[in-house]
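Colleague: Please take a close look at a single part of this model and follow its surroundings step by step. I should like one connected account, with the residues named where they matter.

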Amino acid sequence: MKSVYKTTGTCSKVIELDVEDGRVKEVTFWGGCNGNLQGISRLVRGMKPEEVIARLEGVRCGTKPTSCPDQLCKALHEMGY
């Protein structure tokens with residue numbers, strides 16, 4: 001299942017993600033810290049969405065109440081995970 005999620009409160013503006021057969025197949029962040037977000041995308045590839053949420057939900061960026069990893073979790077929740 002493919003999804004496009006518009007982020008709030010982060011430097012990245014959009015997250016495109018694809019979950020197939022209960023595993024994260026692909027994640028692409030638009031905007032934000034390119035190297036870090038490429039790293040996150042590679043690390044979560046192949047993981048179960050529930051595991052991604054368990055590890056990354058609630059991560060904050062500095063004094064912001066959210067972060068790009070936290071927004072990824074919100075996107076997964078929106079997909080029903």
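**The sheet and the helix H3 across it**

Modeller: Lysine 6 stands opposite valine 14 in E2. This pairing belongs to a predicted model, and it is a convenient point from which to start. Strands E1 and E2 are joined by five bridges and run antiparallel. In the hairpin that they form, five residues lie between the strands, and glycine 9 there adopts a positive phi near 80°. The side chains of E1 alternate: Ser3 and Tyr5 are buried and point to one face, whereas Lys2, Val4 and Lys6 point to the other and are not buried.

On the next step across the sheet, E2 (residues 12–20) is joined to E3 by eight bridges, again with the strands antiparallel. Leucine 17 has valine 27 of E3 as its bridge partner. The complete arrangement is an open sheet of three strands in the order E1-E2-E3, with antiparallel pairing. Strand E1 (2–6) and strand E3 (23–31) each have a single partner strand, so both stand at the edges and one side of each has no neighbour in the sheet. From one strand to the next the twist averages 15°.

The part that deserves the closest look is H3, which lies across E1, E2 and E3 and runs at about 50° to E2. At the start of H3, a side-chain oxygen of serine 67 comes within 3.2 Å of the backbone nitrogen of aspartate 70. Just after the helix, glycine 80 takes a positive phi of about 105°. Of the 11 residues of H3, eight are buried, and the helix is therefore largely enclosed by the rest of the structure. The buried residues are Cys68, Pro69, Asp70, Gln71, Leu72, Cys73, Ala75 and Leu76. Their cover includes E1, E2, E3, H1 and H2.

Three successive positions of H3 may be taken in turn, beginning with a polar one. Glutamine 71 lies in H3 (residues 68–78). Its relative accessibility is 1%, so it counts as buried. Beyond the residues up to four places away in sequence, glutamine 71 touches Tyr5, Thr7, Thr8, Thr10, Ile15 and Thr66. Among these, threonine 8 has its backbone nitrogen 3.0 Å from a polar atom of the glutamine 71 side chain.

Leucine 72 comes next. Leaving aside neighbours within four places in sequence, leucine 72 is in contact with Ile15, Leu17, Val27, Phe29, Ile40, Val44, Val52 and Leu56. The bridge partners named above, leucine 17 and valine 27, are thus both on the contact list of leucine 72. The largest nonpolar core has 20 residues, and those with the most contacts inside it are Leu17, Val27, Phe29, Val44, Val52, Leu72 and Leu76. Two or more residues of this core are given by each of E2, E3, helix H1 (34–44), H2 and H3. H3 supplies the largest share, five residues.

Which disulfides could involve the cysteine that follows? The structure holds zero disulfides. Cysteine 73 is in none, and the nearest cysteine sulfur, that of cysteine 68, is 11 Å away. With a relative accessibility of 0%, cysteine 73 counts as buried. Cysteine 61 counts as partly exposed because its relative accessibility is 43%. Its sulfur is 6.3 Å from the closest cysteine sulfur, in cysteine 11, and this is too far for a bond.

Cysteine 73 also leads to the neighbouring helix through isoleucine 53. Isoleucine 53 lies in helix H2 (residues 49–56). Its relative accessible area is 10%, so isoleucine 53 is buried. Outside its neighbours within four places in sequence, isoleucine 53 is in contact with Cys73, Leu76, His77 and Tyr81. Threonine 7, one of the residues touched by glutamine 71, is 46 residues from isoleucine 53 in sequence and 16 Å from it in space, C-alpha to C-alpha.

To bring the account together, H3 lies across the three strands, has eight buried residues, and gives five residues to the largest nonpolar core. Glutamine 71 touches residues that include Tyr5 and Thr8, whereas the contacts of leucine 72 include Val44 and Val52.

Conventions
Residues are numbered from 1 along each chain as its sequence is written. This is a predicted model: local features need pLDDT of at least 70, side-chain atom pairs count only at pLDDT 80 or more; totals for chains, interfaces and linings use all residues. Side-chain values use heavy atoms; hydrogens and water are left out. Helices (H or I, at least four residues) and strands (E, at least two) are DSSP runs, numbered from the N terminus. Buried means under 20% relative accessible area, exposed over 50%, partly exposed in between (1.4 Å probe, protein chains only). Contact means heavy atoms within 4.5 Å. A polar contact is a pair of N or O atoms within 3.5 Å; within protein, one must be able to donate a hydrogen and the other to accept it, and residues adjacent in sequence count only if both atoms are side-chain atoms. Two strands pair if DSSP finds at least two bridges between them. Axes are lines fitted to C-alpha atoms, for helices over the stretch in contact, and angles run from 0 to 180 degrees between N-to-C directions. A disulfide is a pair of cysteine sulfur atoms within 2.5 Å. A nonpolar core is a set of buried Ala, Val, Leu, Ile, Met, Phe, Trp, Tyr and Cys residues joined through side-chain atoms within 4.5 Å.
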